[in-house]
Amino acid sequence: MGLRRAHRLVAAAAAALLLTSACSSGSGGGGGQGAAGTPPPLPGSPGGASGRQAAAELGRPRELAGNLRVPWAIAFLPDRDALVTERDTARLLRVTPQGRVTEIGRVPGVEPGGEGGLLGVAVSPSFARDRLVYLYFTAASDNRVVRFRLDGAIRDVRPIVTGIPKGANHNGGRLAFGPDRMLYISTGEVYRGELAQDRDSLGGKILRVTPDGRPAPGNPFGTRVWTLGHRNVQGMAWDDHGRMYATEFGQDRFDEINRIEKGRNYGWPQVEGFGGRDGFTDPLLTWSTSEASPSGLAYADGSLWAAALRGRRLWQVPLDAAGKVGRPVAHLDDRYGRLRAVVRAPDGTLWVTTSNQDGRGSPRPGDDKILVIPVT
């Protein structure tokens, strides 16, 4: 038996064993653990023996704002106010740390439908000088990224990336500036799996562009594409060492967190979860789809934090100094329903949005909400 095949058999056996693990977590965030593909706990880290103590120190959530309509993304301005998008209304909101909500305006050209609408938002790293804000939305014929100058209203909206495939579902939509000050864009394959493997398509990719939308210097194929083989990435984050991570919606079996690296192919639609196949990059960890459907992703205090839609919880995924993951810990299990966005605020808290008005949840009084959660 060849060494590579032996390694694959061992990995398959380990995954099969872990698949039998049930996910258990209390509503306050106890010691839940991920299912198939989840590694053992890291010694002395959250998710290990000391992880339960660390998890218990997640602070009490505070409801900052309510009665919103599918708040999809959050980005902070230099003055610590937040910009919040509403998917189905196309409204761009400004929310203060004290919870005051004002409408900046409705973004022109947005055509909501299914999972499409007004999605990602990012603030220019040079906002104090250029006042630029970036938005990802579904238009009449495509998904696109636009930018405008924020001066109290939405004016002079200018497309910088167009032609991203659109569909009823899997529209991607996350925007974030990386440590390199380039703009990263997650796109979906709109249920056309072949697009994810097509280097000439913008669907099923993570794109990396300059602030004016051109292919960023150093991109692997000389185009806007940074990585390929994605089904529907809806969360991106970087750790303190500049390593990039992303959440990935699976189909029937496994949702993923991936370490994102230049030019890698993450396997969809040929592989879901761990495949061990040449030419494809395996995830760092997987969950069953009932546990997660992970959307937003943030990094804070040595852990990744993933908001789960179908899973209706906030997942904490500890990282060690080398970027390896420990055993996930579940928080807020069905306490607030579907969770969509999670970002680290300038004061170190997590801002998390509910998504119970999105047609797949059961709205509760005050939904949808923005929660503020201390992390200690």
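1. Seven elements each supply at least two residues to the lining of the largest pocket: the strands β2 (71–76), β6 (118–123), β10 (175–177), β14 (233–238), β18 (294–300) and β22 (339–344), together with the helix α3 (127–130). The model is a predicted one. The volume of this pocket is about 910 Å³. Its lining comprises 33 residues, and those nearest the pocket centre are A176, F177, W238, V343 and R344. Sorted by class, the lining has 27 nonpolar, 3 polar and 3 charged residues.

2. The structure also holds 1 cavity of 30 Å³ or more. The space in the largest cavity comes to about 50 Å³. Its lining is made up of G229, H230, R231, E248, F249, G250, E256, Y266, W268, V271 and E272. By class, these are 4 nonpolar, 3 polar and 4 charged residues.

3. The largest nonpolar core has 39 residues, and L83, V145, L183 and I185 touch the most other members. The strands that each give at least two residues to this core are β2, β6, β7 (132–138), β8 (143–150), β9 (154–164), β10, β11 (183–186) and β12 (205–209). Of these, β7 gives the largest share, 6 residues. Both β2 and β6 also appear among the elements that line the largest pocket, as does β10.

4. I185 deserves a separate entry. Beyond residues up to four places away in sequence, I185 touches Y136, V145, V161, I164, R174, L175, K205, I206, L207, V209 and M236. A second core, separate from the one above, has 16 residues, including A292, L304, A306 and V317.

5. On salt bridges, a search of the whole structure finds 20. In one of them, the side chains of D142 and R144 meet with an N to O distance of 3.0 Å. D142 is buried, because its relative accessibility is 6% and the cut-off for buried is under 20%. Another salt bridge joins E194 and R192 at 3.5 Å, N to O. Here R192 is partly exposed, with a relative accessible area of 42%.

6. R312 and D334 form a further salt bridge, in which the closest N and O atoms are 3.7 Å apart. R312 sits in the loop between β19 (303–308) and β20 (314–318), and D334 in the loop between β21 (329–331) and β22, so the pair ties together parts 22 residues apart in sequence. R312 is partly exposed at 22% relative accessibility, and D334 is partly exposed at 37%.

7. D79, D81 and R94 should be read together, since a network of salt bridges links them.

8. V375 lies in the segment after β24 (370–373). V375 is buried, because its relative accessible area is 15% and buried means under 20%. Its C-alpha atom is separated by 7.4 Å from that of D301, although the two residues are 74 apart along the chain. Apart from neighbours within four places in sequence, the contacts of V375 are L58, D301, W305, G348 and L350.

Definitions and conventions
Residues are numbered from 1 along each chain as its sequence is written. This is a predicted model: local features need pLDDT of at least 70, side-chain atom pairs count only at pLDDT 80 or more; totals for chains, interfaces and linings use all residues. Side-chain values use heavy atoms; hydrogens and water are left out. On a 1 Å grid over the protein atoms alone, a cavity is a set of points where a 1.4 Å probe fits but cannot get out, and a pocket is an open set with protein on both sides within 12 Å along at least five of seven lines; lining residues have an atom within 4 Å of a point. Grid points are joined across faces, edges and corners, and a volume is the space filled by probe spheres set on the points. Helices (H or I, at least four residues) and strands (E, at least two) are DSSP runs, numbered from the N terminus. Ala, Val, Leu, Ile, Met, Phe, Trp, Tyr, Cys and Pro count as nonpolar, Asp, Glu, Lys and Arg as charged, and the others, Gly among them, as polar. Buried means under 20% relative accessible area, exposed over 50%, partly exposed in between (1.4 Å probe, protein chains only). Contact means heavy atoms within 4.5 Å. A salt bridge is a side-chain nitrogen of Lys or Arg within 4 Å of a carboxyl oxygen of Asp or Glu. A nonpolar core is a set of buried Ala, Val, Leu, Ile, Met, Phe, Trp, Tyr and Cys residues joined through side-chain atoms within 4.5 Å.
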